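The following questions and answers examine how several descriptive terms are assigned to a protein model and its bound ligand.

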Amino acid sequence: MNANLVSDEVQPHLADIIESIYQKYGYDFRQYAQAHIKRRIVNTIVMSGLHDIAQFKEKILTDEVFASKLLRDLSITVTEMFRDPHFYKTVREKVIPVLRTYPFIKIWHAGCSTGEEAYSMAIIMQEEGLYDRTTIYATDFNQHALSKAKEGIFSIERMKEYTTNYQLSGGHEAFSNYYTSSYDSVIMNQSLKRNIVWANHNLVTDSVFAEVHLILCRNVLIYFERPLQNKTHTLFFNSLINGGILCLGSKEGLQFSELYHLYSEMDSQQRIFKKKY
Ligand SMILES: C[S@@+](CC[C@H](N)C(=O)[O-])C[C@H]1O[C@@H](n2cnc3c(N)ncnc32)[C@H](O)[C@@H]1O
C-alpha cells in the first residue's frame, strides 16, 4: 500500500490503536507527539505488506513478535558518544565543579538508549578523578536498547566521529584508551562499566527510584506532548536533591513548566538548570 493512502486510513484509528497498545502491553503512548507515532505505524504497515488497517489492528493484538517490533520502532534510539560536544564541554566546566563538592555522586541518564551517553559521562568522571565515588543509573524503557547498552559493544566505524566529539568536548587522552577493538567492533572498558547500573524504567508510568545529584534527559522529551513533559518534569524535580542539576537536549526547555522558577539557569544555551535550595 502507498504510504499516503495508509496515512489517511490510519488517522481515524490512531487513538484507538494507541489505547489498545496501552491496554494490552502497558506501554503508554497516549501523550506522545501523535505525528511521530503515526509515522511509525504507517511505516510498519507499509514495510510489512499488510492489506489494511483492520489486519494491522488484529496483528498488534495477537502477534507478540510483531507487537514487540512495533514497540521497538516507536522509540527512536538515535544517539552517539559525546553527542553535542559543546554540551559536554560545559558539563566539564560548570557541572563537574558542583559535583566535586559531594562525598558521593549519583547521576541519572533518563532515556539512555544504547548507552553511549552514559559511557561518555563515565569517561568524564574518570578523567576528573570522581568515578570511584560515582554511581550512574542509566535507564530506558526499550529493553532491546538497554541490552545493547549493557554489552557496551559498538561499531568500529563510528569511532572516528566519536574521537572528534570527545576531543571537542575537552578530552585530552587517546579515545582508544577507553575501548578494545575486535574485528569490526569495539568493547568499552570494564573500568567504565563498573559503576553503571542499567535498569528498565518508563518515564510515563514509573516513579522516583533514587535521589540524585545530576539528571541528563536529552532528546527524549521532544517526543512528548506538553502535559507529559510537565509530568516528567515533576518526576525529575522530585528525584533531584536541592542544588541538583538537570540537563536537557538542545531542542528541549523548561520555561513553559510551572517548576521553572524553582530552578536557576546554569547555562541557557546548553539547557542546564540547577534546582534552587
Ligand atoms: C533519541 S534517544 C536519546 C538518547 C540519548 N539520551 C541521547 O540524547 O543521545 C530517546 C530515548 O528515549 C527513550 N524513551 C522514550 N520514551 C521513554 C519512556 N517513556 N521512558 C523511558 N525511556 C523512553 C527511547 O527508548 C530512546 O532510547
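Ligand contacts and aromatic pairs

Q: What makes the approach of Asn202 to the ligand a polar contact?
A: In this predicted model, an N or O atom in the side chain of Asn202 is 2.9 Å from a nitrogen atom of the ligand. A polar contact is a pair of N or O atoms within 3.5 Å, and therefore this pair qualifies. The protein covers 98% of the 600 Å² of accessible area that the ligand has on its own.

Q: How do you know that Thr79 and Glu117 also make polar contacts with the ligand?
A: A polar side-chain atom of Thr79 lies 2.5 Å from an oxygen atom of the ligand. For Glu117, an N or O atom of the side chain is 3.2 Å from a nitrogen atom of the ligand. Both distances fall within 3.5 Å, so both count as polar contacts.

Q: Which residues are closest to the ligand?
A: Of the 21 residues that surround the ligand, the closest are Tyr32, Thr79, Arg83, Asp140 and Asn219.

Q: How many aromatic pairs are found when ring centres must lie within 6.5 Å?
A: The count is 19 aromatic pairs.

Q: Why is the pair of Phe29 and Phe141 called edge-to-face?
A: The ring centres are 6.0 Å apart, within the limit of 6.5 Å, and the planes stand at 65°, which is over 60, so the pair is edge-to-face. Phe29 lies in the loop between helix 2 and helix 3, and Phe141 in the loop between strand 2 and helix 8, 112 residues apart.

Q: Why are Phe29 and Phe141 called buried?
A: Phe29 has a relative accessible area of 2% and Phe141 has 15%. Buried means under 20%, and therefore both residues qualify.

Q: Why is the pair of Tyr119 and Trp198 called tilted?
A: The distance is 5.6 Å centre to centre, and the planes are 50° apart. That angle is neither under 30 degrees nor over 60, so the pair is tilted. Tyr119 belongs to helix 7 and Trp198 to strand 6, 79 residues apart.

Q: What makes Arg218 a charge over the ring of Phe87?
A: The charged end of Arg218 is 3.8 Å from the ring centre of Phe87, within the limit of 6 Å, and sits over the ring.

Q: How do you know that strand 4 and strand 5 pair?
A: Strand 4 and strand 5 share four bridges in the antiparallel sense. At least two bridges are required, so the two strands pair. Ser181 stands opposite Val186 in strand 5.

Definitions and conventions
Residues are numbered from 1 along each chain as its sequence is written. This is a predicted model: local features need pLDDT of at least 70, side-chain atom pairs count only at pLDDT 80 or more; totals for chains, interfaces and linings use all residues. Side-chain values use heavy atoms; hydrogens and water are left out. Buried means under 20% relative accessible area, exposed over 50%, partly exposed in between (1.4 Å probe, protein chains only). A charge sits over a ring if NZ of Lys or CZ of Arg is within 6 Å of the ring centre and within 35 degrees of the ring normal. A residue is near a molecule or strand if one of its heavy atoms lies within 4 Å of it. A polar contact is a pair of N or O atoms within 3.5 Å; within protein, one must be able to donate a hydrogen and the other to accept it, and residues adjacent in sequence count only if both atoms are side-chain atoms. Accessible areas come from the Shrake-Rupley method with a 1.4 Å probe; for residues, only the protein chains shown count as cover.
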